[in-house]
Every structure is written in structure tokens, then in C-alpha cells.
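Me: Please take one part of this model and look at it closely, in a single connected account that also covers what surrounds that part. I would rather follow one thread carefully than have a tour of everything.

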Amino acid sequence: MYKLYFDAGLREHGFVWAFVIFDDKIIVNKQRGYIKDKEVDSNAAEFYALIYGLREAILRNITELQVYGDSQQVIYQVNNLVSTNKKMMLQCKKEVRELSKEFDEIKFNWIESKDNKVAHRETR
């Protein structure tokens, strides 16, 4: 089963998001991008990383995916364990839910930051 690790971090000029997709232990794809929008907070940046990673997995015809992120808020929202009333977060969650429908099997897992080094490195 494929694995997607995602992360985001605040840097001097805004947030950097990144994701890495693995097939077993082989990196299939990794990407990163920048967000300079002042409306974006750390949770939204994490959502962006997740959304871009899911889009890439869909483009690669991946149908079974284990997703790992160290943003407890994002993972808990996607798994409907917590809620929010922030408009941007609700939009991001809705997009993740829509993208998730493209997979036969998908699971979202929270991991500690120390276990998310592969994605974290890409945000540097």
C-alpha cells in the first residue's frame, strides 16, 4: 500500500508545505510549495500539503493510501474527531473529503513530529 506523508512549516516569507509519497520504501514523488497568503495559518498550510499530496496520488492512479501527518488538528478534523467553524478549514476539509472518494481505501493517521521527518525535511 502506498503511503503519503505531509507537513508544513512557517518560514521567513510564509508557509512551506510538502508531501512525500512512498511505495514500500521507494519514493514515488515528493513536492513542496510556498504560501504567502496572510490569511493562511499553520493548520491551513498543513491542509494544503495534504490536498496537494492527495491530488498527486490520484494523478498516479493510486487507489489504496495510508496518510500520515503530524498535525493533530488536521488529522482529527478529517477523521471527524474534532470540528471547526473557521471558513478556510471547513473548505479544506470538504476538499479532502471529496478527494478521498477517489480512493478504494484511504486512512488518515496522526504521527508525532519525530516520525514525520521525511516530509518535514522537505519543508526546509
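Reply: A nonpolar core here is a set of buried Ala, Val, Leu, Ile, Met, Phe, Trp, Tyr and Cys residues that are joined through side-chain atoms within 4.5 Å. The model is a predicted one, and what follows is a reading of helix α1, which spans residues 42-59, and of its surroundings. In the largest core, which has 29 residues, Leu50 and Leu54 are the members that touch the most others. The elements giving two or more residues to this core are β1, β2 (14-23), α1, β4, α2 (72-78) and α3 (87-100), and among these α1 contributes the most, with 8 residues.

Leucine 50 shows how these elements come together, since, with residues up to four places away in sequence set aside, this side chain's residue touches Leu4, Phe6, Val67, Val74, Val78, Val96 and Phe108. Apart from this core there is a second, separate one of 7 residues, including Tyr5, Val20, Tyr68 and Ala119.

One neighbour of α1 is another helix. The axes of α1 and α3 lie 10 Å apart and the two helices pack at an angle of about 20°; because that value falls under 35 degrees, α1 counts as roughly parallel to α3. Their crossing is left-handed. On the α1 side the contact is made by Asn43, Ala44, Phe47, Tyr48, Leu50, Ile51, Leu54, Arg55 and Ile58, and on the α3 side by Met88, Met89, Cys92, Lys93, Glu95, Val96 and Leu99, so Leu50 belongs to this interface as well as being one of the two best-connected members of the largest core.

The other neighbour to consider is the sheet. Five strands form an open sheet in the order β3-β2-β1-β4-β5, with mixed pairing, and its edges are β3 (26-35) and β5, each of which pairs on one side only. Taken without regard to direction, neighbouring strands are turned by 15° against each other on average. Helix α1 packs on this sheet and touches β1, β2, β3, β4 and β5, while its direction makes about 35° with that of β2.

Within the sheet, β4 (residues 64-69) deserves attention, because 5 of its 6 residues are buried and the strand is therefore largely enclosed by the rest of the structure. On one side, 5 bridges join β4 to β1 (residues 2-11), and these two strands run parallel, with tyrosine 2 standing opposite leucine 65. In the pairing with β5 (residues 105-110), which is also parallel, there are 6 bridges, and glycine 69 stands opposite tryptophan 110.

Two further residues of α1 show what the helix meets along its length. Glutamate 46, which is found in α1, counts as buried because its relative accessibility is 7%, under the 20% limit. Leaving aside its neighbours within four places in sequence, glutamate 46 is in contact with Phe6, Asp7, Ala8, Asp70, Ser71 and Val74, whereas leucine 50 shares with it the partners Phe6 and Val74. Alanine 57, also placed in α1, is buried with a relative accessible area of 0%. With residues up to four places away in sequence not counted, alanine 57 touches Ile21, Ile62, Leu65 and Phe103; of these, isoleucine 21 is 36 residues away in sequence yet 7.7 Å away in space, C-alpha to C-alpha.

After α1 the chain enters a loop leading to β4, and asparagine 61 is found there. Most residues other than glycine have a negative phi, but asparagine 61, although not a glycine, has a positive phi of about 60°. Asparagine 61 counts as exposed because its relative accessibility is 63%. A counterpart is found in the loop between β2 and β3, where aspartate 24 lies: this residue has a positive phi of about 60° although it is not a glycine, and at 61% relative accessibility aspartate 24 likewise counts as exposed.

Methods: Residues numbered from 1 in each chain as written. Predicted model: local features only at pLDDT ≥ 70, side-chain atom pairs only at ≥ 80, totals over all residues. Heavy atoms only, no water. Buried < 20%, exposed > 50% of the residue type's maximum accessible area, 1.4 Å probe, protein only. Helix = DSSP H or I, 4+ residues; strand = E, 2+ residues; numbered from the N terminus. Pairing = 2+ DSSP bridges. Contact = heavy atoms within 4.5 Å. Axes fitted to C-alpha atoms, helices over the stretch in contact; angles between N-to-C directions. Parallel < 35°, antiparallel > 145°, perpendicular 65-115°, else oblique. Left-handed = near helix turned anticlockwise from the far one by under 90°.
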